[in-house]
Number of protein chains: 4
Amino acid sequence: MSEEIIRNGSPVLIMIDRKRRFLIKVDKDKIFGTDKGYIKHSDIIGLPYGSYTYTSQGVKVYLLKPLHHDYLYGYRRITQVIYPKDSGYMIYLSGIGPGSRVVEAGIGTGYLTTYLAHIIGGQGKVYGYEIREDYIKIAKENLRLSGLLERVIIRHADIRKGILETNVDAIFLDLPDPWNVIEHAYKALKPSHPIIVYVPTINQVEKTVLALREHGGYIDIKAQEIILRNYIIEENASRPEPFMIGHTGYIVYARKVLKH
Amino acid sequence: MSEEIIRNGSPVLIMIDRKRRFLIKVDKDKIFGTDKGYIKHSDIIGLPYGSYTYTSQGVKVYLLKPLHHDYLYGYRRITQVIYPKDSGYMIYLSGIGPGSRVVEAGIGTGYLTTYLAHIIGGQGKVYGYEIREDYIKIAKENLRLSGLLERVIIRHADIRKGILETNVDAIFLDLPDPWNVIEHAYKALKPSHPIIVYVPTINQVEKTVLALREHGGYIDIKAQEIILRNYIIEENASRPEPFMIGHTGYIVYARKVLKH
Amino acid sequence: MSEEIIRNGSPVLIMIDRKRRFLIKVDKDKIFGTDKGYIKHSDIIGLPYGSYTYTSQGVKVYLLKPLHHDYLYGYRRITQVIYPKDSGYMIYLSGIGPGSRVVEAGIGTGYLTTYLAHIIGGQGKVYGYEIREDYIKIAKENLRLSGLLERVIIRHADIRKGILETNVDAIFLDLPDPWNVIEHAYKALKPSHPIIVYVPTINQVEKTVLALREHGGYIDIKAQEIILRNYIIEENASRPEPFMIGHTGYIVYARKVLKH
Amino acid sequence: MSEEIIRNGSPVLIMIDRKRRFLIKVDKDKIFGTDKGYIKHSDIIGLPYGSYTYTSQGVKVYLLKPLHHDYLYGYRRITQVIYPKDSGYMIYLSGIGPGSRVVEAGIGTGYLTTYLAHIIGGQGKVYGYEIREDYIKIAKENLRLSGLLERVIIRHADIRKGILETNVDAIFLDLPDPWNVIEHAYKALKPSHPIIVYVPTINQVEKTVLALREHGGYIDIKAQEIILRNYIIEENASRPEPFMIGHTGYIVYARKVLKH
């Protein structure tokens, strides 16, 4: 097995335990510190990804090569984000894959954008709408960290005023009033392709679904919710975790058809 | 908007209603029949995707361009399959994307295989292990229908005896005794990369997690369950659907690290 | 252990399997028939409760002494009913017990009424409002079967026009527009005591909660949902049932306080 | 409406907000203090239940007459307790009501005991087994506070060694190894009547169910779980709460039948 080696400049996911994961770019002159002790970056240069070392306090630390979702641990986060349980299913529903062209609004700090950019690959493109300049600034930083910024065209614009793209493979909306984007989305989408909406309240779901029905150009409209349950596994003592995320948001899905 | 036209030989998802979706390949000499009347294939040649027509009984029918998951409506199915709620999240966890090389076992009739092959794109590869020849035959037919067969190398072999590939990006297991594959998976995986296991009973979850812990070469081990809730949306009368899928399977996840 | 004997006139829950439970009153001249064969009532007279016999087809049948909820198997049912998972929690919340005086509307065919009448005992009283005479007729038959009719005063009246009782311990509402009963309930309730509302849609929950808040005479207002999951238990193969009830209704709770 | 007045010695539930509920016995010489200010007990004597007053900091405080479950706010709690979502359903399943005689083990600090004692009324009896003397001491204090101690006979004994009572209406078990009580429970129960078991892990569920099946004297065996979802209700912005209790315990139910 050819081992991949950590070098100066490499991204590394430092994993101490479930609550302590940190994404760093190795810089031979820096020191990484936590409440469990510190590590000199220079000490991990030359180690293979997947190996471990110890902090100054003797705590074991794994040095992982980041998967796309590990970069999120290095992201600045100033908005609510879409959780993996939801984004995984949203991508499935959307049908997108390598080469897809997708529209997303608003991008917030770029969590879903990162996953979209990962999935559509180097031949695809994400068109990310966002009205807040401060979010855009952070989203760009974040996407640069994960190396996916070049796949994303960020539009500092209000998607409720219109969508520049046409013939896109899917549209993802995470904004308070998706019903105001339904006609724009219709013009931008390829026929047969879907719009995927994410909203936190049931009232927004109702308004969105009713607007999609009334529009007449959408079929297969559905509203769903994904719930994730974590389990504690111990020999002869397995059970669900005592506390859980009770709610994030609802997912609304519909597919464009021709009206004539 | 450039419209894409249905031609002789084109795949079409025929959608009458939520319960009546059919995947056909257009053959100008054939007739498609349901309990809601029939359609002559020749009558839809030349229509744009996304348009509609009527059956002989006057029932409206939409003619959609299939997304990857629409092909499943045309698949022969003789095994339990992994549901979208689960496969969407499993793909997210796996970190795979365009160009990834992944191992899957058993492939059954190829539902998850189809999604994997879609996500890894033309530059990636799925290595699909299956011990039953009858399943392989159907899986091949199914993958041929969705046009993804060339991305899949099917191995008629028992993965519990070993994995031929090395340095793979992720391993997906859907078999009764995943604990017997843990050491083989360890050798096949790239460091930092994950194994994703899908099992229906909590006892299998416990055995798998305990085996992963005991192995020593895996970290970030977790056991989770995804639950999907559908909603009935009506103006001023929205609520969850009265019946739902209560259980499909549990997902176990772990990442390879180096032991030394 | 003193055994209790089945006599002519005794109620018996005939239990063949989970799907085949029947409530009969023993009548020495009758025959009880199912798709699994028949039993002559006279043949079970003299047997102890809890014993078994066989049908004419040789199928084993248990002869149980009915608990309060077993009588429901003998009830005529023409309305939606409140499920045990919900009524159990509703009773808990209500604080009622032996001797309580409670108001219920509408009683429908008397499922919740039966449980209320059971819990409040011979010293308590249920005041059951219902506008439909056909429901009242069936509810009376049903309550007579379970021997609880004398604890219930049925009022053929629209509770939205007013409540005759005062100083009651709890009020249970299962009707489409509970917000129209909030002021009447306030007058009827003892201070500190609760109103418990059961509604199927989230829109009704919202309207009810907002009306309770606006009224000003209620505190500790909460909206909840109870979900029941059944498990299949087999040695080394335990898991939740594949299908489940996805939704019945929501429960809204509030307690009366003095406004001045 | 005849108002009930708070007197010296009266129990009062002091409710400031959802997180601040306190159960006191009024003592004219005492002062009740919280982080929101204090109240002199003597100032609330003579006020009607359900009225409000203000703390020294001007915070509004409601003075409620305790329902049975409000006493729990005054209980000392040193063990895990059974939650209302579970105990409500367990009581329903048990079929108990006014006058019932029930066995419970272990009683812990008496939460479920309190509900049982409330439901069975002055004519019923709870036989509570507990092996730990420190728990019994606290359970007694607690039950004295809610005024229900006289309905409970506490047995400082290991129920796995045997049950003194016979012909009981229901048996409730909340202990680590309920399978060791199954034969004793069989002897103690009336035919047709149930045993209700509460356990936190699925492995305990499996062991209990298999033991009940093997015993041969139980039918209608089932394993269930109750999940409670709280909702945030706001006009046009209603949704489930973001965090929830993910797991408490499982409920196993079975009914005694005669073996011969």
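Two strands count as paired here if DSSP finds at least two bridges between them. With that in hand, take this predicted model and start inside chain C, where strand 5 and strand 6 (residues 60-64) pair in the antiparallel sense over three bridges. To find one of those bridges on screen, go to Y54(C) in strand 5: the bridge partner of Y54(C) in strand 6 of chain C is K60(C).

Now zoom out a little. That pair belongs to an open sheet of four strands in chain C, ordered 2-1-6-5, with antiparallel pairing. Strand 2 (20-25) and strand 5 (52-54) of chain C sit at the edges, each pairing on one side only. Going from one strand to the next, the twist averages 30 degrees.

For the domain layout, hop over to chain A. Chain A splits into domain 1, covering 11-66, and domain 2, covering 72-256. Measure between their C-alpha centres and you should get 32 Å.

Next, look at how chain A meets chain B. Here 55 residues of chain A are in contact with 55 residues of chain B. On the chain A side, the elements giving two or more residues are strand 6 (60-64), helix 2, helix 3 (111-120), helix 6 (202-215), strand 12 (218-232) and strand 15 (250-256). Strand 12 of chain A gives the largest share of that side, at twelve residues. Sort the chain A side by class and you have 28 nonpolar, 17 polar and ten charged residues.

Strand 12 deserves a second look. Strand 12 of chain A pairs with strand 12 (residues 218-232) of chain B, antiparallel, over nine bridges. A handy place to pick up this pairing is Q224(A), whose bridge partner in strand 12 of chain B is N230(B).

Helix 2 is the other thing to pull up between these two chains. The axes of helix 2 (residues 84-94) of chain A and helix 2 (residues 84-94) of chain B come within 7 Å and cross at roughly 110 degrees. Angles of 65 to 115 degrees count as roughly perpendicular, so helix 2 of chain A and helix 2 of chain B are roughly perpendicular to each other. From chain A, the helix contact uses P84(A), K85(A), S87(A), G88(A), Y89(A), I91(A) and Y92(A), and from chain B it uses P84(B), K85(B), S87(B), G88(B), Y89(B), I91(B) and Y92(B). By class, that contact of helix 2 with helix 2 has eight nonpolar, four polar and two charged residues.

What relates chain A to chain B? A turn of 180 degrees, with a shift of 0.0 Å along the axis, lays chain A on chain B with an RMSD of 0.0 Å. That is the relation of a two-fold axis. The same surface serves both copies, too: 100% of the contact residues of chain A recur in chain B.

Head over to chains C and D and look at helix 2 there. Helix 2 (residues 84-94) of chain C and helix 2 (residues 84-94) of chain D pack at an angle of about 110 degrees, their axes 7 Å apart. These two helices are therefore roughly perpendicular to each other. Chain C brings P84(C), K85(C), S87(C), G88(C), Y89(C), I91(C) and Y92(C) to meet P84(D), K85(D), S87(D), G88(D), Y89(D), I91(D) and Y92(D) of chain D. The class tally for this contact of helix 2 of chain C with helix 2 of chain D is eight nonpolar, four polar and two charged residues.

That leaves chain B against chain C. The contact takes 17 residues from chain C and 17 residues from chain B. Helix 6 (202-215), strand 13 (239-240) and strand 14 (243-245) of chain C each supply at least two residues of the chain C side, and the largest share, three residues, comes from strand 14 of chain C. That side divides into eight nonpolar, six polar and three charged residues.

Strand 14 also pairs across this contact: strand 14 (residues 243-245) of chain B and strand 14 of chain C run antiparallel over three bridges. Start from I245(B) and you'll find its bridge partner, F243(C), in strand 14 of chain C.

Finally, chain C superposes on chain B by a rotation of 180 degrees with 0.0 Å of shift along its axis, at an RMSD of 0.0 Å. Which residue of chain C comes closest to the rotation axis? That's M244(C), at 2.8 Å by C-alpha. Here again the same surface serves both copies, with 100% of the contact residues of chain C recurring in chain B.

Technical notes: Residues are numbered from 1 along each chain as its sequence is written. Chains are lettered from A and ligands numbered from 1 in the order in which they are written. This is a predicted model: local features need pLDDT of at least 70, side-chain atom pairs count only at pLDDT 80 or more; totals for chains, interfaces and linings use all residues. Two residues are in contact if their C-beta atoms, placed from the backbone, lie within 7 Å. Ala, Val, Leu, Ile, Met, Phe, Trp, Tyr, Cys and Pro count as nonpolar, Asp, Glu, Lys and Arg as charged, and the others, Gly among them, as polar. Copies are superposed by least squares on the C-alpha atoms of residues with pLDDT of at least 70 in both. Axes are lines fitted to C-alpha atoms, for helices over the stretch in contact, and angles run from 0 to 180 degrees between N-to-C directions. Angles under 35 degrees count as roughly parallel, over 145 as roughly antiparallel, 65 to 115 as roughly perpendicular and the rest as oblique. Domain bounds come from an automatic or database domain assignment.
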